[in-house]
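Student: I have a model open and want to test its labels. Can we go through the reasoning behind them?

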Amino acid sequence: MIIRYCRAAIFLFIILNSLISHAQKDSTRVKELLDKAFEFEASNPKQALKVYRDAYRLSLKANYAIGTFKALQYSGLVHNDNGNYDSALYYFERSKPYSKAAKYTRGEAMTFINMGNSYQFKGDYNTAVKLYLSGLKIFETIKDSAALSQSYQNLSALYTTLKNPELEVLYLKKALQFLNPTNKDQAAMLYGDLGLTLLNQGKIKEAFLNFTKTEEIAKTSEDPRVQFISKRNLGDYYTHIKQYDRAISLYEAANTLGKGHKVEQNDLLYLLSGLYFEMKNYPKAKAYAEQSVALSKEIKTREILYKSYRRLAETYDATNRPNLAYDYLAASMNLKDSIMNENFLKQISLIQTQYETEKKDKAIAQQQIELEQNEVQLLKKQNQATYFLVAILFLVLLSLGIWLVFRQRQRIKNKQIIALKQEQEIAKLEALIDGEEKERRRIAQELHDGINGDLSAIKYRLSGLEDSIINADDRESLSKTIAMIDNSCSQVRSISHNLMPGSILDFGLVETVREYCTKINGSHPLVLEFQSFGNPAPLPQKAETAIYRIIQELINNITKHSEATTALVQMNFHESELFITVEDNGKGFDVKAVKNGIGLKNIDSRVHFLNVQLEIESGETGTSFTINIDLKQLKDD
């Protein structure tokens, strides 16, 4: 007995060790898939989503909740990065139950923050703020200071967009409050952002205090970016208080550090040319303006190019080279692509007057008169052209307005026609489904009360013969016959129940589906798992019946055609929505090829009746059916 017990214990240990090893392999494979998908996010988002979907399915199969959460969460981030904000929100919402199942509190907070980002990009700032604050509460509870700092920085950026400097400053200070003291580089950037905001508000002393904090960190930082920000911010400060020598020194140091950031370097070159011009150091003003022009052409920044051309024109004008000043001013105006106003004309007149200084006084006077006359004529022509353009624009806008009104009315009519057709189609579907359900009830009733009753009567009469004087062989045949009748009665009851399950009325949709899945598990080799999340909402009876029939038909197709070994039915209630997923690991099918099958037609008719969308994905690794139902749109019985 002792030897047998030891062998059994060793065998049990081997089995447990094998199961643990298998689970570890699955989780390791999920992590590999997540890393692989991350590599595709920037270069091939579609491939990244496909790999994340594989990680999701493997995580579900292995009951690896945190892997399921991350696969859904990262899928949402891919959609967010590509501007598909509604899809991103869908995946973030689906990930919530799995972060709770894995007891991953930080993941719950991350979901709120990521959803807040999506709503901010959509322009729904009120919802974004609420979500940010929800995430912040969780981060505060678990005392995740790094996440708190980053989240407050996100809020600050949001209020920068909303042009609310008070809240921008408030949340930048909170970001600094929760910042990890060892993260000096991020602290330097936060101090710099805070200083610029205060400088724009006219709070000079407070701004300088924050700029000096950035400078202290930059002295010991190995990150050139931090050093660049420090020099640049202090340069802005000294420019603001008109200490140009110090500003130039800081800007030139920042320019050396920012060689790899051409946009910022270009801006610095223009600022330096302006400071040297203010100090009447025209050679350096010209040199920096020319560098700015060259870099602007390279990186195609037309705004700074236009300004740099103008700076060159001003420099040449100041150094008494009016011909070049004229050329650069004309280039500046052409680049700006706008009609010359009165100020531009006066500058051209002045430059051309200076250009004629070598001529006699009489020629200069005559030239001035001609320029003034030309100016008057040009202004008249410009006014006439402006009036003509305004008149044409008014006519175009009037015609466009009339056309838009007509088109809008036509669209409204078309929508009304489409809505009416949809209502008629839904009414037909409703009548058809009602008729089908009534026929099912009638057949079920006939089977239960008719055939089942007759079989029971036959059994009763045959049972009475057992007491008769018959030989042993006949008695055995009679017993087998009665057993066959019992089996037939059970089959009739089962068929009657499938045709019209009474548990929907008694126990509701979720329990009816759960009971049906249990029944399939008991009568079929398929391993069918049922999951339900959220609080089931009360639904109209017709809608519950239609949803039950869809799930029943999908499971029926899996058992008949898919050759699957495992399947999953999942119902997720969230506020006013119901997400239904039916998946299997079968051989899959060509969706287009079998679209006209009777099973899918029955499903399609009920999907149209519910006015929802059915998404089908099928391949060699299995098939997935996803239904998203807006419970508010369901009709009451």
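Tutor: Start with the sheet. The model is predicted. Five strands form an open sheet, ordered E1-E2-E3-E5-E4, with mixed pairing.

Student: What makes E1 and E4 edge strands?

Tutor: Each has a single partner strand, so one side of each is left without a neighbour in the sheet. From one strand to the next, the twist averages 10°.

Student: How do you know that E1 and E2 pair?

Tutor: Pairing needs at least two bridges. Seven bridges join E1 (residues 527-533) to E2 (residues 566-574), so the two strands pair. They run parallel. Within this pair, Ser532 stands opposite Met571. The chain gets from E1 to E2 through helix H22 (residues 541-562), in a left-handed β-α-β crossover.

Student: What makes E3 and E5 a pair, and in which sense do they run?

Tutor: Eight bridges link E3 (residues 577-584) and E5 (residues 622-630), and the cut-off is at least two, so they pair. The sense is antiparallel. Here Leu578 stands opposite Ile629.

Tutor: Two helices also belong in this picture. H22 packs on the sheet, where it touches E1, E2, E3 and E5. H21 (residues 509-523) lies across E1 and E2 and runs at about 165° to E1.

Student: Why is Asn572 called buried?

Tutor: Buried means under 20% relative accessible area. Asn572 has 10%, so Asn572 counts as buried. This residue lies in E2. Among its contacts are Pro97, Phe533 and Phe579.

Student: Why is Lys219 with Glu216 called a salt bridge?

Tutor: The limit is 4 Å between a side-chain nitrogen and a carboxyl oxygen. Their closest N and O atoms are 3.2 Å apart, so the pair qualifies. They sit three residues apart in helix H10 (residues 204-220), separated by about one helical turn.

Student: Why is Lys219 called exposed, but Glu216 partly exposed?

Tutor: Exposed means over 50%. Lys219 has 57%, so Lys219 is exposed. Glu216 has 48%, so Glu216 is partly exposed.

Student: How do you know that Arg310 and Glu314 form a salt bridge?

Tutor: The N to O distance is 3.9 Å and the limit is 4 Å, so the pair counts. Arg311 also forms a salt bridge with Glu314, at 3.6 Å.

Student: What makes Arg311 buried and Arg310 partly exposed?

Tutor: The cut-off for buried is under 20%. Arg311 has 11%, so Arg311 is buried. Arg310 has 27%, so Arg310 is partly exposed.

Key:
Residues are numbered from 1 along each chain as its sequence is written. This is a predicted model: local features need pLDDT of at least 70, side-chain atom pairs count only at pLDDT 80 or more; totals for chains, interfaces and linings use all residues. Side-chain values use heavy atoms; hydrogens and water are left out. Helices (H or I, at least four residues) and strands (E, at least two) are DSSP runs, numbered from the N terminus. A crossover is right-handed if, with the strands pointing away from the viewer, the path from the first strand over the helix to the second runs clockwise. Axes are lines fitted to C-alpha atoms, for helices over the stretch in contact, and angles run from 0 to 180 degrees between N-to-C directions. Contact means heavy atoms within 4.5 Å. Buried means under 20% relative accessible area, exposed over 50%, partly exposed in between (1.4 Å probe, protein chains only). Lists of a residue's contacts leave out its neighbours within four places in sequence.
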